[in-house]
Amino acid sequence: MSGSGWTSTSMPYLTPRPAGDSDAWTNEAQAAGRRGGQRILHAGESEAPAEVTRMLDLTSGETVITRRRIIELDGEPTELTDTYYPNDIAAGTPLAGTAKIRGGAVTLLAGLGHIGVRAVENVTARMPDPEEREHLLLGPVEPVLQLARTTYDAAGRPIQADVMVMPAGRQQLRYEIDIEVA
């Protein structure tokens, strides 16, 4: 990984933050001596794309609350993230607006009684579409990694779907897995 690369771990983004804490991304970047930020490009109700319909176990044509953000590291775009929530969870909450959420969305969801206990992630590599290329400032032949994560509550209901697109040459994904022994 080059000096400008970033190693991303999922766990900090799956657990609620202590009261008064900033979001996980800001904290993770600061701990590495860097500056993390995000710009919200869109928030509100939209029809769920086919992939999200499957991820959230919805019926085709259902709407969701969507938040589209550009995640930045030291002022440069490092990820384009679309996060989707079932309407009955997120409609009428700050998740449907463009304001930054203190402590992050996972903390807000927990405060609303929706706590994730399991996440499933699928990672693929592909070429970006023109909009992704523009937002991430990619060259004409730079591939991206796409991480699609579904978070489930204790009842097994999907409560959040994230589709993250990252420049492949600037990212490394790291997984740590605790194995339970029966």
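The side chain of Arg149 reaches the side chain of Glu121 through a polar contact of 2.6 Å. A polar contact here is a pair of N or O atoms within 3.5 Å; within protein, one must be able to donate a hydrogen and the other to accept it, and residues adjacent in sequence count only if both atoms are side-chain atoms. Arg149 sits in strand S6 (residues 144–152) and counts as buried because its relative accessibility is 6%. Buried means under 20% relative accessible area, exposed over 50%, and partly exposed in between (1.4 Å probe, protein chains only).

Keep in mind that this is a predicted model, where local features need pLDDT of at least 70, side-chain atom pairs count only at pLDDT 80 or more, and totals for chains, interfaces and linings use all residues. Residues are numbered from 1 along each chain as its sequence is written, and side-chain values use heavy atoms, with hydrogens and water left out.

**The chain as a whole**

The protein chain has five helices and eight strands. Helices (H or I, at least four residues) and strands (E, at least two) are DSSP runs, numbered from the N terminus. In order from that end, they go β-α-β-α-β-β-α-α-β-α-β-β-β. Of the chain's 182 residues, 46% count as buried.

As for pLDDT, the predictor's confidence in each residue from 0 to 100, the chain averages 86, and 81% of the residues score at least 70. Strand S1 (residues 6–9) has the lowest mean among the elements, 50, while H2 has the highest, 98. Where pLDDT is low, the predicted coordinates should not be read in detail.

**Around Glu79**

Glu79 belongs to strand S4 (residues 76–86). With a relative accessibility of 12%, Glu79 counts as buried. Its side chain makes a polar contact of 2.6 Å with that of Thr81. Neighbours within four places in sequence aside, Glu79 is in contact (heavy atoms within 4.5 Å) with several residues, including Arg69, Leu136 and Met164. Gln171 is 92 residues away from Glu79 in sequence, yet their C-alpha atoms are 9.2 Å apart in space.

**A pocket lined partly by S4**

The second largest pocket holds about 150 Å³ of space. Its 14 lining residues include Arg68, Asp82, Tyr84, Glu132 and Val163, the closest to its centre. Helix H2 (50–55), S4, helix H5 (130–135) and strand S7 (158–167) each give two or more residues to the lining, with the largest share, four residues, coming from S4.

How is a pocket found? On a 1 Å grid over the protein atoms alone, a pocket is an open set of points where a 1.4 Å probe fits, with protein on both sides within 12 Å along at least five of seven lines; lining residues have an atom within 4 Å of a point. Grid points are joined across faces, edges and corners, and the volume is the space filled by probe spheres set on the points.

**Three loop residues**

Now for a few spots in the loops.

| Residue | Loop | Relative accessibility |
|---|---|---|
| Gly33 | between helix H1 (24–31) and strand S2 (36–47) | 69%, exposed |
| Asp74 | between strand S3 (63–73) and S4 | 32%, partly exposed |
| Leu137 | between H5 and S6 | 54%, exposed |

Gly33 and Asp74 are 41 residues apart in sequence and 9.9 Å apart in space, C-alpha to C-alpha. Asp74 has a phi near 55 degrees, a positive value in a residue other than glycine. Leu137 also has a positive phi, near 55 degrees.
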